[in-house]
Amino acid sequence: MLEMLKHTAHRPWPLPRGPWIMKQVWHDLLFAHWPVSPQTLRPLIPPELEIDTFAGQAWLGVVPFRMSGITMRGTFGIPALPRFPELNVRTYVQTDGKPGVWFFSLDAANALAVWGARAVFHLPYFRAAMHCQEESGWIQYQSLRQHRGAPSASLQARYRGAGQTFAAKPGTIEYFLTERYCLYTSDSQARIICCEIHHPEWGLQLAEASFQENTMAVAAGVSLTDQQPELLHFARRQDVVVWPPGRLQ
């Protein structure tokens, strides 16, 4: 049994039944968040899902990071999936009182990962040319979407953590934005899919960031009134396990 599965007190609901199928490691994440009105997001989200808000406010997140350690259960890793950058655009939804993440897009620098995630998890993954490295304590990040037929989207930014690492407390905006243990998506027949995950509590820092270019939200159909995010958080690492996706009844 994975060590992380022994620590579940921080979860808002019990671990899923059945075996997990995949584990991953996420590195050097920036959580950049902008406030948006629920009315702006409503046409972009399936009606079966309620837009989740904090004090009446919806949020859009742009989350660049690096992925490593993708391992299917019972194997020793996938050689064709080494470390690679990934970039998510997301908001927050719930159904039947179960909060989760809705992804507008997930860009990745590995064609096999993009194909697999689209086929198995029904997620809107796109191929992109990406570069991510740490220089003098700053994460330098670039992404240019190259997926045929997809809206053009790009990000050029640098960021770093600042201050002490902390765990988000329930009831805070940091908890609302990060401590989520499932994602929702829809398949080709517009049926809602739920995928459960588990990870330790996030070790967060406040963050500093500058954006030279950011068209990720516009590509998702959301116009931001301010190019500078209102909230910035950083996480150095997160270990994650994933369960198979399933249709909501």
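**Exercise 1. Cys194**

Task: Classify Cys194 in this predicted model as buried or exposed, and decide which cysteine sulfur is nearest to that of Cys194.

Solution.
Step 1. The relative accessible area of Cys194 is 10%. Buried means under 20%, so Cys194 is buried.
Step 2. The nearest cysteine sulfur belongs to Cys182, at 4.1 Å.
Step 3. A disulfide needs two cysteine sulfur atoms within 2.5 Å, and Cys194 is in no disulfide.
Step 4. Under this rule the count of disulfides is zero.

**Exercise 2. Arg66 and its surroundings**

Task: Place Arg66 in the secondary structure, give its accessibility class, and find what its side chain pairs with.

Solution.
Step 1. Arg66 belongs to strand β3, residues 58–72.
Step 2. Its relative accessibility is 18%. The cut-off for buried is under 20%, so Arg66 counts as buried.
Step 3. The side chains of Arg66 and Asp28 are joined by a polar contact of 3.0 Å.
Step 4. Beyond its neighbours within four places in sequence, Arg66 also touches other residues, including Val25, Trp26, His27, Arg83, Phe84, Pro85 and Cys132.
Step 5. One of these contacts, Cys132, is itself buried, at 16% relative accessibility.

**Exercise 3. Positive phi in two loops**

Task: For Asp96 and His122, state where each residue lies and which accessibility class each has.

Solution.
Step 1. Most residues other than glycine have a negative phi.
Step 2. Asp96 has a positive phi, near 55°. Its place is the loop between β4 (84–95) and β5 (98–108).
Step 3. With a relative accessible area of 81%, Asp96 is exposed.
Step 4. His122 also has a positive phi, near 60°. This residue sits in the loop between α2 (111–121) and β6 (125–135).
Step 5. The relative accessibility of His122 is 31%. Values between the buried limit of 20% and the exposed limit of 50% are partly exposed, so His122 is partly exposed.

**Exercise 4. The cavity**

Task: How many cavities of 30 Å³ or more does the structure hold, and which residues line the largest cavity?

Solution.
Step 1. There is one cavity of 30 Å³ or more.
Step 2. The largest cavity contains about 30 Å³ of space.
Step 3. Its lining consists of Asn214, Met216, Ala217, Val218, Leu224 and Gln227.
Step 4. Helix α4 (residues 216–219) supplies the largest share of that lining, three residues.
Step 5. Sorted by class, the lining has four nonpolar and two polar residues, with no charged ones.

Definitions and conventions: Residues numbered from 1 in each chain as written. Predicted model: local features only at pLDDT ≥ 70, side-chain atom pairs only at ≥ 80, totals over all residues. Heavy atoms only, no water. Buried < 20%, exposed > 50% of the residue type's maximum accessible area, 1.4 Å probe, protein only. Helix = DSSP H or I, 4+ residues; strand = E, 2+ residues; numbered from the N terminus. Polar contact = N/O pair within 3.5 Å; in protein donor to acceptor, adjacent residues only side chain to side chain. Contact = heavy atoms within 4.5 Å. 1 Å grid on protein atoms, 1.4 Å probe; cavity = no way out; pocket = protein on both sides within 12 Å on 5 of 7 lines; lining within 4 Å. Points joined across faces, edges and corners; volume = space filled by probe spheres on them. Nonpolar A, V, L, I, M, F, W, Y, C, P; charged D, E, K, R; others polar.
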